[in-house]
Amino acid sequence: MGLAERRRIATIKDTHAPRFQAELNAAIGFELPFEIDIASFPENTTILDCYDYYYESYGPGLVVTVMKEICKDDMGKEAVKAKFNKIVFQNVAKSADDAGDKSVEIKDKTLFVRESFYGYSDKLYGDSELQGALEQML
């Protein structure tokens, strides 16, 4: 892949990451580092097309929406603060043929939200599914 794909990845780093960090902090009412793992995005047009199509509704935008709902009251905020102090969003797809799978995990006080941008949405979380998975861990 070439320059166009590298530019698209740079947009995720330079535009999406700061935007979703600001939206998360505003939504939940406290500072919580939110990282989009740029290294998890290969220079693959199919994966980047899928990400571009779904990032608001199913990607980092979904994480902000779900965290806003979880942290709507003090009980939710305290549960989050007790379990993790950082969120890392990762893509697990290497290609359309090596899609990986979605998962959430808390490890070393970091919440990892992993989704597969391989061309279809069956390996992306919906809002109630992601919220349910997170609330189970809290």
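## A walk from the surface to the core

A39 sits in the loop between β1 and α2. This is a predicted model, so each feature described here is a feature of the prediction. Is A39 buried or exposed? With a relative accessibility of 73%, A39 counts as exposed, because the cut-off for that word is over 50%. Try finding K13 from here: 26 residues separate K13 and A39 along the chain, and their C-alpha atoms are 9.9 Å apart.

Now let us move on to a residue with another kind of setting. N91 belongs to strand β2, which covers residues 86-91. Its relative accessible area is 2%, so N91 is buried. What does the side chain of N91 reach? One partner is the backbone oxygen of A93, at 2.9 Å. Another is the backbone oxygen of S40, which lies 2.9 Å from a polar atom of the N91 side chain. Setting aside neighbours within four places in sequence, N91 touches S40, F41, P42, I47, E115, S116 and F117.

That last name, F117, is a good one to follow. Again leaving out neighbours within four places in sequence, F117 has contacts that include F41, I47, C50, Y51 and Y54. G59, F89, N91, A93 and L124 are also among the contacts of F117.

F117 leads us into the core. In soluble globular proteins, nonpolar side chains tend to be buried together. Here, the largest nonpolar core has 39 residues, and those with the most contacts inside it are L32, F41, M67, I87, F117 and L130. Which elements supply at least two residues each to this core? The helices α1 (3-28), α2 (45-54), α3 (60-70) and α5 (127-137) do, and so do the strands β1 (34-36), β2 and β4 (110-115).

Helix α3 deserves a closer look. Eight of its 11 residues are buried, so α3 is largely enclosed by the rest of the structure. The buried residues of α3 are P60, G61, L62, V63, V64, V66, M67 and I70. Take V63, which is placed in helix α3: its relative accessible area is 3%, so V63 is buried. Beyond its neighbours within four places in sequence, V63 is in contact with F34, I87, F89, V113 and L130. From V63 to Q90 there are 27 residues in sequence, and the distance from C-alpha to C-alpha is 11 Å.

Helix α3 also packs against α1. Two packed helices are described by the angle between their axes and the distance between the axes. For α1 and α3, the angle is about 10 degrees and the axes are 9 Å apart. Why is α1 called roughly parallel to α3? The reason is that angles under 35 degrees count as roughly parallel, which means that α1 and α3 earn that description. On the α1 side, the contact is made by F20, E23, L24, A27 and I28, while α3 brings P60, G61, V64, M67 and K68. Sorted by class, the residues in this contact are seven nonpolar, one polar and two charged.

Next, turn to strand β4, where R114 is placed. Is R114 buried or exposed? At 18% relative accessibility, R114 counts as buried, because the cut-off is under 20%. Its side chain makes a polar contact of 2.7 Å with the side chain of Q90. The R114 side chain also makes a polar contact with the side chain of E105, at 2.9 Å. Neighbours within four places in sequence aside, R114 is in contact with Q90, V92, D101, K102, S103, E105 and Y125.

One of those contacts, V92, lies in the loop between β2 and β3 (103-107). V92 has a relative accessible area of 18%, so this loop residue is buried. Leaving aside neighbours within four places in sequence, V92 meets D98, A99, G100, D101, R114, E115 and S116. V92 and K123 are 31 residues apart along the chain, with 9.7 Å between their C-alpha atoms.

Our last stop is the loop between β3 and β4, where D108 is found. The phi of D108 is near 50 degrees, a positive value in a residue other than glycine. D108 is exposed, with a relative accessible area of 68%. K109 lies in the loop between β3 and β4 too, and K109 has a positive phi of about 65 degrees without being a glycine. At 36% relative accessibility, K109 counts as partly exposed.

Notes
Residues are numbered from 1 along each chain as its sequence is written. This is a predicted model: local features need pLDDT of at least 70, side-chain atom pairs count only at pLDDT 80 or more; totals for chains, interfaces and linings use all residues. Side-chain values use heavy atoms; hydrogens and water are left out. Helices (H or I, at least four residues) and strands (E, at least two) are DSSP runs, numbered from the N terminus. Buried means under 20% relative accessible area, exposed over 50%, partly exposed in between (1.4 Å probe, protein chains only). A polar contact is a pair of N or O atoms within 3.5 Å; within protein, one must be able to donate a hydrogen and the other to accept it, and residues adjacent in sequence count only if both atoms are side-chain atoms. Contact means heavy atoms within 4.5 Å. A nonpolar core is a set of buried Ala, Val, Leu, Ile, Met, Phe, Trp, Tyr and Cys residues joined through side-chain atoms within 4.5 Å. Axes are lines fitted to C-alpha atoms, for helices over the stretch in contact, and angles run from 0 to 180 degrees between N-to-C directions. Angles under 35 degrees count as roughly parallel, over 145 as roughly antiparallel, 65 to 115 as roughly perpendicular and the rest as oblique. Ala, Val, Leu, Ile, Met, Phe, Trp, Tyr, Cys and Pro count as nonpolar, Asp, Glu, Lys and Arg as charged, and the others, Gly among them, as polar.
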